[in-house]
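Trainee: I would be grateful for a close look at a single part of this protein, followed by an account of how the rest is arranged.

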Amino acid sequence: MASPSQQLPPGWAAEWDPPSQRYLFIQASTGRSQWEIPTPAPVQPIDHAPSVSPPPSMTHHGKRRQYAAGQTQVYYGAGDALGDQYGGLSVPQQQQQQQPAATAQLFTPGLAAEGGFAGQQQVPQASYYAPQQEPQYINAPGFGQEPTYHPPNAPIHQLTDQFGQMGMGQKPLHLTTTNLLTSPPDPRELVRPPPEIRLPANACITTSPFANADPSYQRCTINAIPTTSSMLNKSKIPLGLVITPYRTLKEGEPPVPVVTDTVIARCRRCRTYINPYVQFIDNGNRWRCCMCSMSNEVPQLFDWDQIRNQPGDRWARDELNHSVVEFVAPTEYMVRPPQPAVYVILIDVSHTAVQSGMVATATRTILENLDRIPNEDERTKVAIIAYDISLYFFSMPPGTTESTMLVVSDVDDVFLPKPTDLLINLTEARQSLESLLGRINDMFQDNHTVGSAMGPALQAGFKLMAPIGGKIMVLSSSLPNIGAGSLKNREDLKILGTSKESGLLQAASPFYKTFAIECSRAQVSVDMFLFSAAYQDVASLACLPHYTSGQTYFYPAFNAARSEDAIKFAHEFGEVLAMPIMLEAVMRVRASKGLRMASFHGNFFVRSTDLLAMPAVPTDQSYAIEIQIEDTLTQPFVVMQTAVLHTTCHGERRIRVITLALPTTSSLTEVFASADQVAITTLLANKAVERSLTHKLEDARDAVHQRLVEILSSYKSSMTSAGAGANAQLAISENLRMLPVLVLGLLKNVGIRQSAQIPPDLTAYAQALLTTLPSQTLIPYIHPTFFSLHNMQPEAGTVGEQGVIWPTPLPLTSERLERHGLYLIEDGQTIFLWIGRDAVPQLIMDVFNLPNYEVLRGGKTTLPVLDNDFSQRVNAIIQKTREMRRGVYYPHLYVVKEDGEPPLRLWALSCLIQDRADVLPSYQQFIGQLKDKVNGANNY
């Protein structure tokens with residue numbers, strides 16, 4: 001049979017289907033397929049304008065530039081009834097009367113609704129967004145053919161309906177295939193919950209809505225676990241857990257329930273804690289473990305209410321109704337009595353540290369936060385050690401306001417100059433500590449010493465607290481170059497972007513790993529606050545937090561004379577001081593028979609095969625664990641349980657238990673339909689950083705890219721009619737539609753991107769963030785948020801029932817940047833306010849209180865709050881951006897002018913990850929490359 005492609009209408013392709021021995025016809029733009037020969041459709045006019053602006057206004061104002069339609073009227077008062085949206089068009093009443101209701105249509109290049117283009121040519125729009133509906137997105141003109149955008153959840157590819165008989169009795173997850181070539185990324189999908197967990201009937205003994213772990217505590221990359229490792233390997237989706245055991249609670253969130261009666265029921269064989277997925281047998285006298293099926297006795301006091309001293313209701317117990325619960329631990333869970341919280345703060349007082357204002361800002365911040373340092377039981381201890389090329393100890397006798405400075409110049413053999421009064425009780429010696437903090441900056445104001453004995457200072461702090469354990473906070477403004485742990489400047493611009501670059505990301509001195517392991521053994525955690533304007537070897541110094549469950553904070557070129565720098569550091573340092581840390585912690589993750597925890601990623605030290613030692617667990621730090629399927633899973637669901645034994649900062653030994661139950665399936669369809677793209681990206685980020693350290697940065701990028709190609713190839717061969725042959729589409733399930741753009745964002749992230757311009761300190765710090773940020777913060781760090789402010793909907797920036805109302809997020813492409821516009825781009829670490837060169841004076845006046853664009857200066861800034869509605873809405877959005885995510889980070893705000901300083905412009909534009917940058921492809925090119933690789937892959 002001859003190919004009928006000559007008779008096909010434009011946009012259709014014919015593919016030979018060997019089983020049926022006839023042609024299958026596929027519409028390239030939608031992915032729709034049919035057996036009948038398609039008939040030509042009437043041609044709709046398509047516009048290829050390079051901008052999403054409505055047509056410009058025809059009103060001229062002398063030599064003024066032309067703005068978007070209605071722009072000049074908004075700012076130059078051409079009508080009383082005009083709205084207040086910047087760049088938004090307020091339609092004159094005559095035109096509004098002519099315009100039918102509900103016909104407002106987004107005009108996007110390459111997308112044409114029926115009669116849409118003609119209507120847009122005739123009637124100006126009230127805004128970029130159609131009322132009462134979510135806007136449509138496209139990356140750029142020339143994305144391919146003239147594609148039709150299908151909203152989320154719309155069935156695009158019907159061929160998958162014949163696949164997938166589910167392996168369990170529950171209602172199957174619906175798998176919807178989407179064509180990545182014609183279905184552009186929608187940023188709103190990233191805030192939607194992961195695929196639903198559909199457990200078999202009667203899997204849970206309670207109807208409580210809290211019986212399964214909230215994804216903010218623990219989420220799995222696949223929410224329906226394949227029964228065999230061969231099926232998991234066939235899907236190519238990595239199986240892993242992302243855990244944030246101590247996340248902060250926002251206002252209105254329920255606290256973690258605490259079981260105070262010390263009745264802890266655990267399986268005798270596998271040591272699993274009792275949870276909502278066990279079964280009670282033998283008239284309720286015994287319970288069967290949900291992991292190993294062992295039969296265990298119910299503890300005698302399990303049904304006794306110790307508070308009221310009467311029989312209690314078993315079914316009301318928190319551990320049977322909540323997946324996240326804390327037990328107050330009895331003495332058998334203690335190696336020693338709970339220790340007090342200890343904070344030793346090491347302050348660099350060298351010339352650069354004092355001159356930058358770091359010392360003054362740090363001491364003032366400690367002073368202002370003394371009441372916030374956890375001290376409920378009044379046992380908390382504090383010590384201050386200053387250092388340059390010598391060590392300066394401060395003796396603070398309790399009950400006085402006096403303090404004595406003791407200098408130790410022999411940094412090769414560190415000793416404590418006094419046995420007492422160096423580590424003081426915060427409550428008893430409060431007055432002398434306050435007096436000292438007010439004087440430290442003045443003491444070293446004229447210090448001209450250059451050099452840093454950080455290593456000896458760490459050893460001194462360790463000697464001071466080793467018997468107890470606790471937290472060391474190091475504040476350093478220069479490269480350590482004296483005594484133990486001294487480092488040399490190894491920054492070599494010639495090897496940036498080459499295969500040798502990964503060497504700069506590994507510790508230069510073995511001191512930092514060996515000392516970190518020593519600290520871990522003594523229950524000492526280290527936080528690093530780094531401020532240097534020059535090379536500081538963040539890669540080496542970050543080893544200490546990495547192995548001691550601490551965190552690294554980096555403030556390059558810190559200068560407290562800029563209020564923005566001082567505010568950011570003071571906020572973050574204050575939050576770290578006030579953080580309710582968990583001390584002397586060990587974490588273990590258990591799973592049902594057949595599953596094994598294979599590898600661990602995050603800031604901790606693996607003490608035995610699966611016991612993670614964490615001297616002090618900060619809140620909102622995330623960990624990723626890869627899981628292997630060792631044996632065929634025969635049970636209808638599996639359980640994964642994380643247990644963290646710790647001492648609270650007010651001296652109580654507790655166990656936090658987080659339980660996650662997931663169904664098993666023998667259907668590859670359900671594996672794909674249940675995949676969690678956010679958890680997959682978080683796991684891939686952790687794996688990429690580890691690979692860049694053990695191999696090369698290039699290997700890390702290749703491994704991530706290859707894993708994405710394999711997932712797409714597996715989906716194409718298993719879930720679509722194309723099988724192993726070439727295909728005009730690039731198919732993936734709807735719930736994984738954002739995975740390619742997330743992977744592209746990861747490949748373009750400073751932590752692993754290919755570039756000869758990124759200093760190794762910035763790369764090392766980015767890698768520290770990639771491996772510690774929880775998913776809620778990591779995803780915007782990889783895939784920034786992009787808002788258009790000048791034409792945001794009227795309610796955006798105002799307070800609604802759920803707090804501040806957000807503008808609609810835009811796709812990350814500069815195609816959306818208008819010359820007259822004001823935009824916000826943020827990644828959780830930095831906020832950019834992009835202002836177009838043709839922004840009219842009224843916009844500049846309303847936001848910046850300046851007469852025009854020319855006098856506006858770009859760079860780090862604090863936005864004024866002005867007495868006008870638009871200024872208050874923009875400030876509300878910026879404030880909400882800084883507050884909404886978990887963690888201590890306080891992002892800087894930069895004003896970026898369209899024709900401003902090139903480095904700042906490029907930095908802001910690098911957040912628009914769907915654009916081409918340097919040697920890195922645009923999203924369209926990336927999707928094209930993936931399609932070629934998937935069609936050329938001979939893996940199956």
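In which helix is the place of Ser717?

Mentor: Ser717 has its place in helix H15. The model is a predicted one, and every value below is computed from it. With a relative accessible area of 23%, Ser717 is partly exposed. Its C-alpha atom lies 10.0 Å from that of Asn935, although Ser717 and Asn935 are 218 residues apart in sequence.

Helix H15 also leads into the interior. The largest nonpolar core has 195 residues, and the largest share of this core, nine residues, comes from helix H15, which covers residues 697-719. The residues with the most contacts inside the core are Ile225, Ile384, Leu458, Phe529, Phe573 and Met640. Ile225 serves as an example: neighbours within four places in sequence aside, Ile225 is in contact with residues including Cys220, Leu239, Leu595, Ile629, Leu633, Val638 and Met640. Leu662, Pro663, Thr664 and Thr665 are also among the contacts of Ile225. A second, separate core has 24 residues, among them Leu824, Ile835, Ile844 and Phe848.

These cores belong to a protein chain of 940 residues, of which 59% count as buried. The protein chain contains 22 helices and 37 strands. Among its contacts with a separation of 6 or more, 74% are between residues 24 or more positions apart. The protein chain exposes about 37700 Å², and carbon and sulfur atoms supply 50% of that area.

Ile468 gives a local view of contacts between separate stretches of sequence. Its place is in the loop between helix H8 (454-465) and strand S20 (470-476). Ile468 is nevertheless buried, because its relative accessible area is 16%, below the cut-off of 20%. Residues up to four places away in sequence not counted, Ile468 touches Arg336, Gln339, Pro340, Val342, Lys381, Leu423 and Glu584. The C-alpha atoms of Ile468 and Gln523 are separated by 7.6 Å, while the two residues are 55 residues apart along the chain.

Charged side chains add a further set of links, with a count of 33 salt bridges. One of them joins the side chains of Lys568 and Glu572, at 2.8 Å from N to O. Lys568 and Glu572 are four residues apart in helix H12 (residues 563-578), so about one helical turn separates them. Both ends of this pair are covered: Lys568 is buried with a relative accessible area of 8%, and Glu572 counts as buried at 2%.

Other salt bridges join parts that are further along the sequence. Glu898 and Arg819 meet through their side chains at 3.9 Å, N to O. Glu898 lies in the loop between strand S37 (892-897) and helix H21 (902-909), and Arg819 in the loop between strand S33 (803-804) and strand S34 (822-826), so the pair ties together parts that are 79 residues apart in sequence. At 14% relative accessibility Glu898 counts as buried, whereas Arg819 is partly exposed at 44%.

Strand S34 takes part in a salt bridge as well. Glu826 lies in strand S34 and Arg885 in the loop between helix H20 (869-883) and S37, so this pair ties together parts that are 59 residues apart in sequence. The closest N and O atoms of Glu826 and Arg885 are 2.7 Å apart, and both residues are buried. Elsewhere, Glu326, Glu652, Arg654 and Arg656 are linked in a network of salt bridges.

The cysteines form no covalent links of this kind: the structure holds zero disulfides. Cys289 is in no disulfide, and the nearest cysteine sulfur, that of Cys270, is 3.5 Å away. Cys289 counts as buried at 3% relative accessibility, and Cys543 counts as buried at 13%.

Two loop residues deserve attention for their backbone angles. Most residues other than glycine have a negative phi. Asn202, however, has a positive phi of about 65 degrees; its place is in the loop between strand S4 (177-179) and strand S5 (218-220), and it is exposed at 73% relative accessible area. Thr262 has a positive phi near 55 degrees. Thr262 is in the loop between strand S8 (258-259) and strand S9 (279-281) and counts as partly exposed at 37%.

Finally, on the surface, Met405, Val407 and Met443 make a nonpolar patch of about 240 Å². Met443 lies in helix H7 (residues 430-443) and counts as partly exposed at 33% relative accessibility.

Notes. Residues numbered from 1 in each chain as written. Predicted model: local features only at pLDDT ≥ 70, side-chain atom pairs only at ≥ 80, totals over all residues. Heavy atoms only, no water. Patch = residues over 30% accessible without salt bridge, like charges linked within 9 Å, V, L, I, M, F, W, Y side chains within 5 Å. Areas by Shrake-Rupley, 256 points an atom, 1.4 Å probe, with all protein chains shown as cover. Salt bridge = Lys/Arg side-chain N within 4 Å of Asp/Glu carboxyl O. Helix = DSSP H or I, 4+ residues; strand = E, 2+ residues; numbered from the N terminus. Buried < 20%, exposed > 50% of the residue type's maximum accessible area, 1.4 Å probe, protein only. Core = buried A, V, L, I, M, F, W, Y, C linked by side-chain atoms within 4.5 Å. Contact = heavy atoms within 4.5 Å. Disulfide = S-S within 2.5 Å.
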